[in-house]
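Work through the exercises below with the sequence and the model open. Each task is followed by a solution in steps.

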Amino acid sequence: MFVAVLTALAATVSTASAAPGTARSALAAPAARPDFKLPFACGQTWQLQTYRGHAPDDKKLDMYRVGGSTLGSLVAASAAGTVTERFEPGGLEINHGNGWFTVYLHMDRVDVRLGQQVASGTTLGRLGLVGTTSAHLHYEQLFDSNGDNDGETDEMVHPVIQGTEYRLSPDDVFPKVTSTNACGGGGEPTKYWVDTFADATGYDAVDCVGDSRPQCAPQGKLLKGTNYVLCKKAGDEVRVGDSYNHWWLLTDLDEVAPGGKGRAFVSAYYLQRWGNDEAKDNDGLVIRNCRDDEVPA
């Protein structure tokens, strides 16, 4: 199996003399290569760039957001794996298994810990001005050709993202790619990433404000920070002074109360970026309404 992977990898590298282009269908990739997605939220569009002296120019990618701010954008795992290394400037490495690794640089906040298992689309951190004067994500794919279970710079390969291999040249037109990372049916995300400004109590229903019924017992807490939610449902108003929200967000809680359910509703009042009666993710995408089959039984 290992010999077959190396043979396939050699076939991929041998195509390097082909006429340069911004993108083309992936050829002769190892069978074990994960289905790498653009490392950003579903529906976002990013331009892939390189420059002369990027070393190697045709394998390292710099990514800049189209139609939104690169600075402050959230970086997502390109495929499922385990966080194995953190390093400067603002970088981390993920081991995806079968010899495959990805590298992400220039984050001013890292939201995952060493040893953590992540799914494709899991938020890894936030882009900042760490080791660069121009906000961007530096991205690499590596294949462990020497079998030491580590991805090294000299094991970098031409990246394949969403089924397309990229061999960029500073003299070519830089491609723009729209993310299909963690997209559900019809282009809807399966998860929406949001920032919350305080710990939020989770409930089994959305009509439990001021209610002491047993079915309104707290289920646990969603901790302050960057979290994902699945959908929204209208319910009781949560109000503090002039701030209020009627929307409730279905999510998986960080802390579960004894006998509680791990999946519950928290108030959209706790969303850090939006105002009264708004329920949007960090990129301004309106969170979809929950279906009846998604509501906790």
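The exercises deal with disulfides, two residues and a sheet in a predicted model.

**Exercise 1.** Find how many disulfides there are and how the bonded cysteines pair along the chain.

Solution.
- Step 1. A disulfide requires two cysteine sulfur atoms within 2.5 Å.
- Step 2. Cys-42 and Cys-183 meet this with an S to S distance of 1.9 Å. Cys-208 and Cys-216 have sulfur atoms 2.1 Å apart, and for Cys-231 and Cys-290 the distance is 2.0 Å.
- Step 3. The count is three disulfides. With bonded cysteines counted along the chain, the pattern is 1-2, 3-4, 5-6.

**Exercise 2.** Describe the link of Cys-42 and Cys-183 by its handedness and by the parts of the chain it links.

Solution.
- Step 1. The angle about the S-S bond is 110 degrees, and the link of Cys-42 and Cys-183 is right-handed.
- Step 2. Cys-42 is in the loop between strands E1 and E2, Cys-183 in the loop between strands E15 and E16; the two are 141 residues apart.
- Step 3. Cys-42 has a relative accessible area of 13%, so it is buried. Cys-183, at 28%, counts as partly exposed.

**Exercise 3.** Place Thr-70 in the chain, decide whether it is buried or exposed, and list its contacts.

Solution.
- Step 1. Thr-70 belongs to the loop between strand E3 (61–66) and strand E4 (74–76).
- Step 2. Buried means under 20% relative accessible area. The value for Thr-70 is 11%, so this residue is buried.
- Step 3. Leaving aside neighbours within four places in sequence, Thr-70 is in contact with residues including Trp-46, Leu-127 and His-136. Arg-65 is also among the contacts, and its backbone nitrogen is reached by the Thr-70 side chain at 2.9 Å.

**Exercise 4.** In which order do the three strands of the open sheet lie, and where does Cys-231 sit?

Solution.
- Step 1. The order is E20-E21-E23, with antiparallel pairing.
- Step 2. Strand E20 (231–240) and strand E23 (263–267) are the edge strands, as each pairs on one side only. Neighbouring strands are turned by 30 degrees against each other on average, direction ignored.
- Step 3. Seven bridges join E20 to strand E21; one of the bridge pairs is Val-240 with Ser-243.
- Step 4. Cys-231 lies in strand E20 and Cys-290 in the segment after E23, so their disulfide ties together parts 59 residues apart in sequence. At 0% relative accessible area, Cys-231 is buried.

Key
Residues are numbered from 1 along each chain as its sequence is written. This is a predicted model: local features need pLDDT of at least 70, side-chain atom pairs count only at pLDDT 80 or more; totals for chains, interfaces and linings use all residues. Side-chain values use heavy atoms; hydrogens and water are left out. Helices (H or I, at least four residues) and strands (E, at least two) are DSSP runs, numbered from the N terminus. Buried means under 20% relative accessible area, exposed over 50%, partly exposed in between (1.4 Å probe, protein chains only). A polar contact is a pair of N or O atoms within 3.5 Å; within protein, one must be able to donate a hydrogen and the other to accept it, and residues adjacent in sequence count only if both atoms are side-chain atoms. Contact means heavy atoms within 4.5 Å. Two strands pair if DSSP finds at least two bridges between them. Axes are lines fitted to C-alpha atoms, for helices over the stretch in contact, and angles run from 0 to 180 degrees between N-to-C directions.
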